[in-house]
Amino acid sequence: MHGFQFVLPAIVVLSSISLSAQSTSAPLTNDASGVLLVANKGEHTLGIVDPEAGLQVATIAEDGTTGHEVVASPDGRFAYVPIYGNSGVGKPGTDGGNIVVIDIAARKIVGNIDFGRGVRPHCAVLGPKDGLLYVTTELDQTISVIDPHTLKIIGTVPTGQPESHMLAISPDGKRGYTANVAPGTVSVLDMEARKTIAIIPVAPVVQRISLSGDGRMAFTSDQTKPRLAVIDTESNKVKAWIPLSAPGYGSAATPDGRWLVVALSSANKVAVVDLSTMKVAHEIDVPAAPQELVVRPDGKVAYVSCDASHKIAAIRTSDWTVENLIDAGAGADGLAWAAGK
């Protein structure tokens with residue numbers, strides 16, 4: 001993918017949401033390892049974090065409803081922030097209908113994708129093979145497919161379930177998996193044929209979803225019991241349950257395939273699952289309300305956003321200790337890694 005060389009001011013669609021950039025004086029890192037992005041729900045901003053300095057060095061502010069999640073283009077130039085609305089999943093509130101495009105280095109809004117109606121766009125994922133942008137659009141019970149060069153919606157993938165909140169895509173780009181919150185199911189999607197191929201019953205209520213590095217396992221957390229579902233992506237069935245000390249939330253696998261890191265939001269902890277034994281090997285205390293996890297591409301640090309405490313905990317994977325606590329914005333939630341130049 002080559003970024004936005006085709007995006008000109010004439011094709012930027014203006015919406016009812018006005019956005020402006022607000023930056024601190026701290027310089028953006030030029031470190032090749034990249035920068036961390038965080039969706040600060042409570043203050044309606046996207047934060048840019050210099051991970052080497054351990055500082056949030058800039059925010060890009062939205063004047064209106066709220067972005068919960070963020071994804072970065074593979075070249076690290078652009079961030080895509082779906083504007084979900086001011087509610088939680090399945091709860092009353094405004095229904096967002098656009099995705100904001102941000103130039104990370106310039107720290108400004110450079111584009112907008114307008115759905116033309118409220119669809120509650122939430123989780124954005126870049127296709128690992130085709131480079132297309134896939135975004136959960138909950139109210140339509142679909143994944144919307146977007147060409148990131150033209151900012152045009154070019155198709156949909158039906159999920160067959162309401163509240164398809166989070167999405168993970170297999171490493172080969174062929175399969176998608178959505179966590180359908182209130183139905184307590186996972187939809188299995190054929191991303192090439194753009195159709196639903198299975199709906200897996202999991203629990204009364206589920207939250208979040210992630211995949212092992214090889215795509216052979218999907219993980220989602222039961223919200224009614226402290227346990228993590230392990231789905232075999234070959235059979236499309238729950239093959240195991242991993243007991244946790246509290247209900248899980250976001251999760252992410254390490255690049256070496258050895259560990260799965262799981263946020264235990266109500267317990268203010270992070271659990272580290274050994275995927276060879278399917279057991280929790282470590283628990284780490286973190287600030288209040290851990291939400292989402294992203295593991296740095298080199299596998300050395302796992303970052304967890306901590307909603308209620310305005311913090312991001314940087315956890316060193318070599319010994320599973322908290323290396324640093326980074327000040328973020330209110331309601332820190334969605335995280336993404338943006339590659340360095």
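Colleague: What makes strand 7 and strand 8 (residues 108-114) a pair?

Modeller: They are joined by six bridges in the antiparallel sense. Pairing asks that DSSP find at least two bridges between two strands, so they qualify. A strand here is a DSSP run of E with at least two residues, numbered from the N terminus. This is a predicted model, where local features need pLDDT of at least 70 and side-chain atom pairs count only at pLDDT 80 or more, while totals for chains, interfaces and linings use all residues. Residues are numbered from 1 along each chain as its sequence is written, and side-chain values use heavy atoms, leaving out hydrogens and water.

Colleague: What lies between strand 7 and strand 8 in the hairpin?

Modeller: Four residues, and R107 in that turn has a positive phi of about 60 degrees. Within the pairing, I102 stands opposite I109 of strand 8. On strand 6, A79 is the bridge partner of I102.

Colleague: Why is strand 7 (residues 98-103) called mostly covered?

Modeller: Six of its six residues are buried, meaning under 20% relative accessible area (exposed is over 50%, partly exposed in between; 1.4 Å probe, protein chains only). One side holds N98, V100 and I102, the other I99, V101 and D103.

Colleague: Why is A281 called partly exposed?

Modeller: Its relative accessible area is 40%, which falls between the 20% and 50% limits, so the label fits.

Colleague: Which residues does A281 touch, not counting those up to four places away in sequence?

Modeller: W259, V272 and D274, where contact means heavy atoms within 4.5 Å.
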